[in-house]
Every structure is written in structure tokens, then in C-alpha cells.
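Here is a short tour for anyone meeting this structure for the first time. Have a look at it, then read on for a few spots worth finding.

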Amino acid sequence: MLQSFQSAFKIPELRNKILFTLGILVVYRIGGQVPIPGIDRVALKQFFDTAELGPLGMYDMFVGGAFTRATVFALGVMPYISASIIFQLLGAVIPFLQKLQKEGEEGRKKITQYTRYGTVVLAAAQSFGVSFYLESIQVPNTGMAAVIDPGWGFRMLTVLTITAGTVFIMWLGEQIDAQGIGNGMSLLIFIGIIAEFPWAVGKEYQDFILNDKSIFMEIAVLAIMVGVTALVVLITQGTRKIPVQYAKRVVGRRVYGGQSTHIPLKVNTSGVMPLIFAQAIMFMPSTLASFFPTSELMQEIAVAFSPTTSFQSLPYWIIYSLMIVFFAYFYTAIVFNPTDLADNMKRHGGFIPGIRPGKRTSDYIDRILTRITLPGAIFLAGIAVFPFFVVDALQVNPGLHSFFGGTGLLIIVGVALDTLQRMESHLLMRHYDGFMKKGRLKGRRA
């Protein structure tokens with residue numbers, strides 16, 4: 001594998017792409033350290049060292065800690081991701097967007113343009129809320145405020161600063177897409193999550209030294225992390241291949257078609273989106289409880305629907321798991337349309353052996369997709385629930401929970417595999433071996 005990396009740097013085009021991507025990621029990490037004007041960083045750090053982030057914890061993980069540092073990149077790429085999801089969902093119900101999605105490259109450019117506008121609107125709205133949140137922060141016992149001079153001046157400056165930072169991040173991601181290697185937005189989230197790993201390992205090491213934890217317990221923790229990561233890779237790469245045969249066509253003196261291929265249906269077609277949707281809904285009780293601090297009923301509901309390891313949170317874990325399964329089917333139905341696939345196959349003379357083209361083909365694909373989505377959805381639910389119980393049972397530092405499973409690990413594995421596959425394709429085109437045996441990733445072998 002090391003030889004393959006050396007080969008990658010022997011290809012000038014691939015070397016330039018890799019170095020350009022690394023340079024963009026360095027710029028992103030530097031920007032994540034530049035604070036918003038008017039912030040008392042000492043008070044802010046003291047507050048977040050003791051505060052329970054709740055729903056904001058996942059958000060801060062995606063942006064690499066930039067939110068709790070109140071930097072110009074506090075929102076990261078999340079407004080762009082949110083805008084993309086919104087337009088993707090609207091594309092399933094609005095005919096105008098459906099038409100654009102079917103217009104190829106020109107339609108894609110139009111949707112990208114609308115997504116950029118939506119990103120600016122969402123970033124402005126969210127940064128306005130962030131300014132109010134920062135103004136409300138006071139350090140317990142000392143009474144120190146996080147904002148030096150609160151008021152409309154600070155709010156407008158915060159909106160302008162964070163919105164500009166978000167637009168700049170969006171531009172950085174697009175530059176990676178155009179001149180680098182890998183998916184730009186995904187890599188920015190990836191580097192934000194990975195950046196917290198050394199800090200989490202350091203905290204775990206401190207616990208090992210100070211609390212005199214068993215070395216066998218730490219070995220068990222390492223083994224579990226490796227095992228869960230391997231399982232996530234296996235499920236992420238898992239596919240169900242449906243054989244497809246294309247009929248021969250004679251045009252003039254040339255014969256077209258006649259080859260055999262397959263349709264790879266992923267076990268986990270929806271990726272991490274079910275987890276994100278389910279978490280957003282499950283955080284609603286705690287959000288509503290913050291608006292009604294005097295209501296005992298709301299506080300009890302918020303406690304019951306909080307992600308803890310106590311028996312009192314059993315309703316949370318049951319409903320959370322069921323919602324992940326539901327959204328796995330829901331999002332798969334949005335991003336994968338068996339009817340369109342069957343029509344395209346019929347138009348190009350393709351058919352599944354033993355299945356009539358048209359509606360029979362779409363029903364057959366839909367039936368298989370429904371069956372393989374169930375184990376993928378159950379796996380997602382298990383990965384989402386697993387870290388919270390393991391962290392408590394093994395007394396692991398909470399900072400490591402993202403690397404035991406959940407959204408963080410799925411993003412890390414998915415982005416890493418996608419980037420390696422793109423680098424491997426460049427190597428194979430230049431007659432170099434890939435990163436895995438025989439030059440092919442295991443999940444892509446025919």
C-alpha cells in the first residue's frame with residue numbers, strides 16, 4: 001500500500017490534485033481558528049468546558065469544534081448540506097425541479113445555483129440565531145459574558161462574518177471538486193471530525209494514567225473500534241448485483257449491444273441521511289423544553305427523550321431506532337427510482353433475464369431494494385445506538401464516541417473509501433497497482 005502511495009506521487013496530475021486538496025484542507029482548518037469579532041475567548045472556553053451541548057454537540061462535531069470556538073467558520077458546510085437536502089426533497093414533489101433534474105448538465109448547474117442562494121439564506125438565518133445564543137452565554141459562578149459588547153452591532157457583524165465564512169467554505173469545497181480529488185464538501189466534514197481524534201485520544205490517555213484503568217480494558221476498546229470500523233466498511237461496500245443483458249442491434253455494418261452487465265444495489269443506499277433526519281426530530285423535545293423551563297411535564301419528556309444509558313431513556317432508543325429504519329426507506333425511495341431505471345433500460349434494449357421489460361422490471365427491482373434495505377436500516381440503527389452504551393460500559397472518554405459508531409464513523413468511512421477509489425482509478429489508468437490487492441478495492445470486485 002505504501003508503494004501505491006509512492007506511485008500516486010509519481011503521476012504529476014494526481015500529485016497536483018492531492019497537494020491542492022491538502023492545501024485547501026489546511027486553509028479550512030486555519031479559518032476554523034479565527035474568532036468572530038467581539039468575543040471573549042476565555043469566557044467562552046470556560047463556559048463550554050462545563051456546559052452540556054446537547055443537539056449542538058453533533059453540529060460542533062461536523063464543523064471540527066469551530067462552533068464552540070465561535071469562529072468565522074462556526075457553521076461549516078452545514079448550511080450548504082441543508083440546502084442540498086431541501087432541494088433534493090423538493091425535487092421529488094415540485095415538477096419544475098423534477099424537470100431540471102432530468103435536463104442533464106444544464107439542469108444540474110441550475111439546481112447548484114439555487115442551492116448556493118439557499119445556502120446564503122440559511123447561513124444568514126442561522127448566524128443570526130448564533131449571535132443571540134452567544135449573547136446569552138455567561139460563565140457560572142463568575143458571571144463573565146462571552147460577548148464583550150452585546151447589541152445589534154454585534155449581531156449584524158456576526159451575521160455578516162459567519163455568512164461570508166460559510167460562502168467561502170462553499171467555494172473551497174467547489175474548488176476541491178474542480179481541481180482536487182474527492183468530494184469537496186464531504187472532505188471538509190471529514191477533516192473536521194478527524195481533527196478531534198488526537199484530542200479524544202489524549203483525553204483517553206489522561207484517564208488511563210490518572211484513573212489507573214486496566215491495560216486490558218484499553219486493548220478491548222481498541223479491538224472494538226477496529227471491529228466496528230471493519231463492519232461499517234463491509235456494509236458500506238455491500239451490494240446486491242442484478243444481472244442485465246443488452247440485446248444486439250445492427251446499425252449499418254456495426255453491431256451494438258449484446259454485452260452482459262449488472263445493476264449494483266447498495267445495502268445502505270441512504271448513507272448517513274436517516275441518522276441525521278432522526279436525530280433532528282429526536283432533539284425536538286429537549287429544544288421545546290428549553291422554551292418552557294417551568295413546565296415539569298416538558299422537562300420529564302425532555303429527560304425521557306435524551307440520549308443517555310439509563311433505563312429512563314429507553315423510549316428514546318426505541319423510537320430513535322424505529323425512525324432510522326423509517327427514514328432509511330424514505331430517503332432510499334427519494335434518491336432511487338426503479339421506474340426511471342426500468343424505462344432507461346428498456347429504451348437502450350436492456351433487460352433482466354427472466355423478467356419482462358417495463359413495469360415487471362421496475363416491480364422486481366423495487367422488491368429487491370425493499371428487501372436489502374431492511375438489513376441496512378437495522379445496521380444503521382445498531383451503529384447509532386452502539387456508542388452510547390459502549391462508552392458507559394467500558395468507561396471510555398465521551399470524546400471517542402464518534403469513532404465507535406454513529407454518524408461520525410459512517411462519514412469517515414464513506415469519505416475515505418470514496419477518496420481512495422478516485423485515487424485508485426487514476427493509478428489504474430496509468431498502469432499502476434491500486435491500493436488493495438490486484439489493484440481493486442474488495443467491494444468493487446466483479
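Let's start where two helices meet: P338, T339, L341, A342 and M345 in α16 touch T361, S362, I365 and D366 in α17, where contact means heavy atoms within 4.5 Å. Sorted by type, the residues of this contact come out as 5 nonpolar, 3 polar and 1 charged. Here Ala, Val, Leu, Ile, Met, Phe, Trp, Tyr, Cys and Pro count as nonpolar, Asp, Glu, Lys and Arg as charged, and the others, Gly among them, as polar.

A word on where this comes from: the model is predicted, so local features need pLDDT of at least 70 and side-chain atom pairs count only at pLDDT 80 or more, while totals for chains, interfaces and linings use all residues. Residues are numbered from 1 along each chain as its sequence is written, and side-chain values use heavy atoms, with hydrogens and water left out.

Back to the pair. Helix α16 covers residues 338-347 and helix α17 covers residues 359-393; their axes come within 8 Å and cross at roughly 135°. Helices here are DSSP runs (H or I, at least four residues), numbered from the N terminus. Axes are lines fitted to C-alpha atoms over the stretch in contact, and angles run from 0 to 180 degrees between N-to-C directions. α16 and α17 are therefore oblique to each other; that label is for angles that are not under 35 degrees (roughly parallel), over 145 (roughly antiparallel) or 65 to 115 (roughly perpendicular).

Now for the inside. The largest nonpolar core has 84 residues, and L134 and Y320 have the most contacts within it. Its largest share, 8 residues, comes from α17. Such a core is a set of buried Ala, Val, Leu, Ile, Met, Phe, Trp, Tyr and Cys residues joined through side-chain atoms within 4.5 Å. Apart from it lies another core of 11 residues, including I352, I365, I368 and I372.

Which residues are in contact with R155 and L97, leaving aside those within four places in sequence? The table shows them, along with each residue's relative accessible area; buried means under 20%, exposed over 50% and partly exposed in between (1.4 Å probe, protein chains only).

| Residue | Helix | Relative accessible area | Contacts |
|---|---|---|---|
| R155 | α8 (residues 152-179) | 14%, buried | F128, S131, F132, E135 |
| L97 | α6 (residues 95-101) | 6%, buried | F87, L90, G91, I111 |

One last pair to find: L97 and K110 are 13 residues apart in sequence and 9.4 Å apart in space, C-alpha to C-alpha.
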